[in-house]
Amino acid sequence: SDQPIRFADNPVVAHRGAWKKNNLPENSIAALKEAIRLNCTGSEFDIHMTADDTLIINHDPHYNNLLVESTTYRELVKTPLSNGEKLPTLREYIRAGLENNKSTMLVCEIKPSRISKERGKMIASKVVQLVRDMKAQNMVMYISFDYDMVLKIREVDPNAHVQYLNGEKSPEQLKADNVSGLDYHYSVFRKEPGWIGSAKQLGLALNVWTVNDAPGLEYFLSQGFQYITTNEPELLFEIIKQKKSR
Ligand code: MG
């Protein structure tokens, strides 16, 4: 796992996996496998921790109307996803992401804790430790809205690729804290277009969420973004293909 991985040579990050076109549940293993099949450079997913400290994959703080942080894994897992799949644990998700995959990065969004900042940092440490236990460090990148979590990840794994999501920190601030990149809402780059150039100068990775329309995808492609996070990976591949044939 010490070998650097050459991820697919495209900027396409499937947001919550590639779910939309085939009507798969978001954040399902099926959606991850579809992103891998499409050869996306990354597939994003969201992590929460249950009341009994199980890391699970789900976007919302609630699953089936139960607050994940205050419900046990046993209780949550009683309800399958809409495609019949079991609610995935982080371990199961990473295991699936390591299977027959040498080109799609696993983009782990660690969701902030609503209980406490301390719990949030503990969750971040647990995620990094599990990734390490599974020898998946080189397949993973971390993203978070919670800056304390970002700093915690950096502290626990000095080599981890970690990007910040919330949008209010300048590239200079991120660089000073040794954060790897910025993954900001597209409106932030419209408001602060200068941040694109300064991020490049500082050697920070540029990522943007969540761009789903052709003009937006074309704009961020033209700006040379290394990553573009989208619910429409097939559309972004089509635009890239058309550009190359022009
Ligand atoms: Mg997410």
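**Exercise 1. The inside of helix α8**

Task: Find which residues of helix α8 (residues 194-202) are buried, and name some of the elements that cover them.

Solution. Step 1: This is a predicted model, so we start by reading burial from its atoms. In α8, the buried residues are W195, I196, S198 and A199.

Step 2: Now look at what lies over them. The cover includes the helices α6 (171-176), α7 (186-191) and α9 (214-222), and the strands β9 (181-185) and β10 (205-209) also take part.

Step 3: Follow the chain out of the helix. After α8 comes G203, with a positive phi near 75°.

**Exercise 2. A residue in a covering strand**

Task: Decide whether H185 is buried, partly exposed or exposed, and list its contacts beyond the neighbours within four places in sequence.

Solution. Step 1: Place the residue. H185 belongs to strand β9, and β9 is among the elements that cover the buried residues of α8.

Step 2: Compare its accessibility with the limits. Buried means under 20% and exposed means over 50%. H185 has a relative accessibility of 23%, so H185 counts as partly exposed.

Step 3: Set aside the neighbours within four places in sequence, and H185 touches V208, W209 and T210.

Step 4: Try a longer distance too. S70 is 115 residues from H185 along the chain, and their C-alpha atoms are 29 Å apart.

**Exercise 3. The magnesium ion**

Task: Identify the residues that coordinate the magnesium ion, and work out which parts of the chain the pair E44 and E109 ties together.

Solution. Step 1: Look around the ion. E44 (OE), D46 (OD) and E109 (OE) coordinate magnesium at 2.0 to 2.1 Å.

Step 2: Write the donors in chain order. Their spacing is E-x1-D-x62-E.

Step 3: Place the two glutamates. E44 sits in strand β2 (residues 42-49) and E109 in strand β6 (residues 105-110), so this pair joins parts that are 65 residues apart in sequence.

Step 4: Check burial. With a relative accessible area of 2%, E44 is buried. E109 is buried as well, at 5%.

**Exercise 4. Three helix pairs**

Task: For α4 with α5, α1 with α3, and α9 with α10, describe how the helices pack.

Solution. Step 1: Begin with α4 (residues 117-133) and α5 (residues 147-156). They pack at about 40°, and their axes are 9 Å apart. The two helices are therefore oblique to each other, and their crossing is right-handed. On the α4 side the contact involves K117, G120, K121, I123, A124, S125, V128 and R132; on the α5 side D148, M149, K152, I153 and V156 take part. Sorted by class, this contact has six nonpolar, two polar and five charged residues.

Step 2: Turn to α1 (residues 29-37) and α3 (residues 90-98). The angle here is about 25°, with the axes 10 Å apart. Angles under 35 degrees count as roughly parallel, and α1 is roughly parallel to α3. This crossing is right-handed. I29, L32, K33 and I36 of α1 meet E92, Y93, A96 and G97 of α3. The contact of α1 with α3 has five nonpolar, one polar and two charged residues.

Step 3: Finish with α9 and α10 (residues 233-245). Their axes come within 10 Å and cross at roughly 55°. That makes α9 oblique to α10, in a right-handed crossing. A214, L217, E218 and L221 come from α9, while L235, L236, I239, I240 and K243 come from α10. The contact of α9 with α10 divides into seven nonpolar, no polar and two charged residues.

**Exercise 5. Residues in loops**

Task: State where N100, K135 and N159 lie, and classify each as buried or exposed.

Solution. Step 1: N100 is in the loop between α3 and β6. Its relative accessibility is 76%, so N100 counts as exposed. N100 is not a glycine, yet its phi is positive, about 50°.

Step 2: K135 lies in the loop between α4 and β7 (140-144). At 60%, K135 counts as exposed. K135 also has a positive phi, near 55°, without being a glycine.

Step 3: N159 is in the loop between α5 and β8 (161-164). With 74% relative accessibility, N159 is exposed. The C-alpha atom of N159 is 20 Å from that of S43, a residue 116 places away along the chain.

Methods:
Residues are numbered from 1 along each chain as its sequence is written. This is a predicted model: local features need pLDDT of at least 70, side-chain atom pairs count only at pLDDT 80 or more; totals for chains, interfaces and linings use all residues. Side-chain values use heavy atoms; hydrogens and water are left out. Donors are N, O and S atoms within 2.8 Å of the metal (3.2 Å for Na, K and Ca); water is not among the atoms, so sites may look incomplete. Helices (H or I, at least four residues) and strands (E, at least two) are DSSP runs, numbered from the N terminus. Buried means under 20% relative accessible area, exposed over 50%, partly exposed in between (1.4 Å probe, protein chains only). Axes are lines fitted to C-alpha atoms, for helices over the stretch in contact, and angles run from 0 to 180 degrees between N-to-C directions. Angles under 35 degrees count as roughly parallel, over 145 as roughly antiparallel, 65 to 115 as roughly perpendicular and the rest as oblique. A crossing is left-handed if the near helix is turned anticlockwise from the far one by less than a right angle, and right-handed if clockwise. Contact means heavy atoms within 4.5 Å. Ala, Val, Leu, Ile, Met, Phe, Trp, Tyr, Cys and Pro count as nonpolar, Asp, Glu, Lys and Arg as charged, and the others, Gly among them, as polar.
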